[in-house]
Amino acid sequence: MKILVTGAAGFIGAALSRKLSNAGHVVVGLDNINDYYDIKIKHGRLELAGIDSSKIQDQNLISSTKDGYSFVKIDLMDRDGLNKLFKTEHFDHVINLAAQAGVRHSIDNPHAYAESNLTGYLNLLEACRHSNIKHLVYASSSSVYGLNKSQPFSTSDNVDHPVSLYAATKKSNELMSHAYSHLYGIPTTGLRFFTVYGPWGRPDMACFKFTKAIINDEPIDVYNQGVMSRDFTYIDDIVGGIIRINEKPPVVDPNWNAEISDPASSSAPFKIYNLGNSNPVSLMTFIEVIEKSIGKKAKMNMLPMQPGDVASTYADISELERDYGYRPEANLEEGVNLFVEWYRKFYKI
């Protein structure tokens, strides 16, 4: 297949692009390489895939590797550049991982989320609409569950009460996707990711922040007095799940009934899945695992719950098991060790 991966300089996008390219697919990666966090990490991810970072400074300039992987620097807000790319490349599938990420950042910078996650995604949907795309897979988030107290989180649960703008934009992406699946027959699959961690991870995520602080002998902020848990999911399990799902587009369910059926399926070729480890870990246990890996105890600032945050996440992945035979495989201790090893190597510590 010829596959467009947006957000290709991001944590998940970079790992996915390499995996798809190594499997023999023709892959074009797209990213605007914004400065939400250190772009050296983004350039490093691309260089790992063979892209020369010195050649990606110009907008709309495609850089290629010998393995059939190409990269182009485009912002999803650039409608003309995006449409030109689709007309030139003739993609079979699109995997959208481009977004302004971060729950807490969305409270301070709301307009960035409206531009990237709403207008940018609309531009992508329109490009797919006019390009006969066979499957659009897109990133949603576990944050859409918001005030939902039912655990584990099921895609059949109501997600109409988000507690952050970031979550609201991700729920909006699901609704927009359904509209395009219904109107134009575009097969779309939304993936609600659960707390992804691993080598090359984002600096605003817990694994990175805690590791950096502990190594530098700085205190870590522990919210809700540490009474929190997360369904930490290793990057390889996320990428493996995306690849399986990408290969099997959703189809119309002729028996679907709006009044009694699952909201994560439809009479249109539309589906939503949770993609997580389905094994929540307490925040204090997660910190202990990092401490053990580093060989040093953490200094902790015990703080109240942050606005937009939730106490726990827990993915019900039974539908993913049923439809794709998917089961996460990574062990938390091994995954954290691999991250700490990468961190020390990247920062030469």
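**Reading the model: buried spots and crossing helices**

Author: Threonine 195 touches Met205, Arg230, Asp231, Phe232, Thr233 and Thr313, leaving out residues up to four places away in sequence. This is a predicted model.

Reader: Where does threonine 195 lie?

Author: Threonine 195 is in the loop that runs between strand 7 (188-193) and strand 8 (196-197).

Reader: Why does threonine 195 count as buried?

Author: Its relative accessibility is 17%. Buried means under 20% relative accessible area, so threonine 195 counts as buried.

Reader: What makes lysine 73 buried?

Author: The reasoning is the same kind. Lysine 73 belongs to strand 4 (residues 69-73). Its relative accessibility is 15%, and the cut-off is under 20%, so lysine 73 counts as buried.

Reader: How do you know that glycine 276 is buried?

Author: Its relative accessible area is 0%. Set that against the cut-off of under 20%, and glycine 276 is therefore buried. You can find glycine 276 in the loop between strand 12 (270-275) and strand 13 (281-282).

Reader: Which residues is glycine 276 in contact with, leaving aside its neighbours within four places in sequence?

Author: They are Phe194, Asp231, Thr233, Ala315, Ile317, Tyr326 and Pro328. As for distances, glycine 276 and serine 142 are 134 residues apart in sequence and 8.8 Å apart in space, C-alpha to C-alpha.

Reader: Which residues of the largest nonpolar core touch the most other members?

Author: That core has 72 residues, and Leu16, Phe193, Ile242 and Phe286 touch the most other members. Leaving aside neighbours within four places in sequence, the contacts of phenylalanine 193 include Ile12, Leu97, Ile238 and Leu275. Another core, of 25 residues, lies apart from the largest one, and Ala98, Leu136, Tyr138 and Ile272 are among its members.

Reader: Now for the helices. At what angle do helix 7 and helix 11 pack?

Author: Helix 7 (residues 206-215) and helix 11 (residues 332-346) pack at about 60°, and their axes are 11 Å apart.

Reader: Why is helix 7 called oblique to helix 11?

Author: Roughly parallel needs an angle under 35 degrees, and roughly perpendicular needs 65 to 115. The angle here is about 60°, which is in neither range, so helix 7 is oblique to helix 11. The crossing of these two helices is right-handed.

Reader: Which residues meet there?

Author: From helix 7 come Cys207, Phe208, Thr211, Lys212 and Ile215, and they meet Phe339, Val340, Trp342, Tyr343 and Arg344 of helix 11. By class, this contact has seven nonpolar, one polar and two charged residues.

Key: Residues are numbered from 1 along each chain as its sequence is written. This is a predicted model: local features need pLDDT of at least 70, side-chain atom pairs count only at pLDDT 80 or more; totals for chains, interfaces and linings use all residues. Side-chain values use heavy atoms; hydrogens and water are left out. A nonpolar core is a set of buried Ala, Val, Leu, Ile, Met, Phe, Trp, Tyr and Cys residues joined through side-chain atoms within 4.5 Å. Buried means under 20% relative accessible area, exposed over 50%, partly exposed in between (1.4 Å probe, protein chains only). Contact means heavy atoms within 4.5 Å. Axes are lines fitted to C-alpha atoms, for helices over the stretch in contact, and angles run from 0 to 180 degrees between N-to-C directions. Helices (H or I, at least four residues) and strands (E, at least two) are DSSP runs, numbered from the N terminus. Angles under 35 degrees count as roughly parallel, over 145 as roughly antiparallel, 65 to 115 as roughly perpendicular and the rest as oblique. A crossing is left-handed if the near helix is turned anticlockwise from the far one by less than a right angle, and right-handed if clockwise. Ala, Val, Leu, Ile, Met, Phe, Trp, Tyr, Cys and Pro count as nonpolar, Asp, Glu, Lys and Arg as charged, and the others, Gly among them, as polar.
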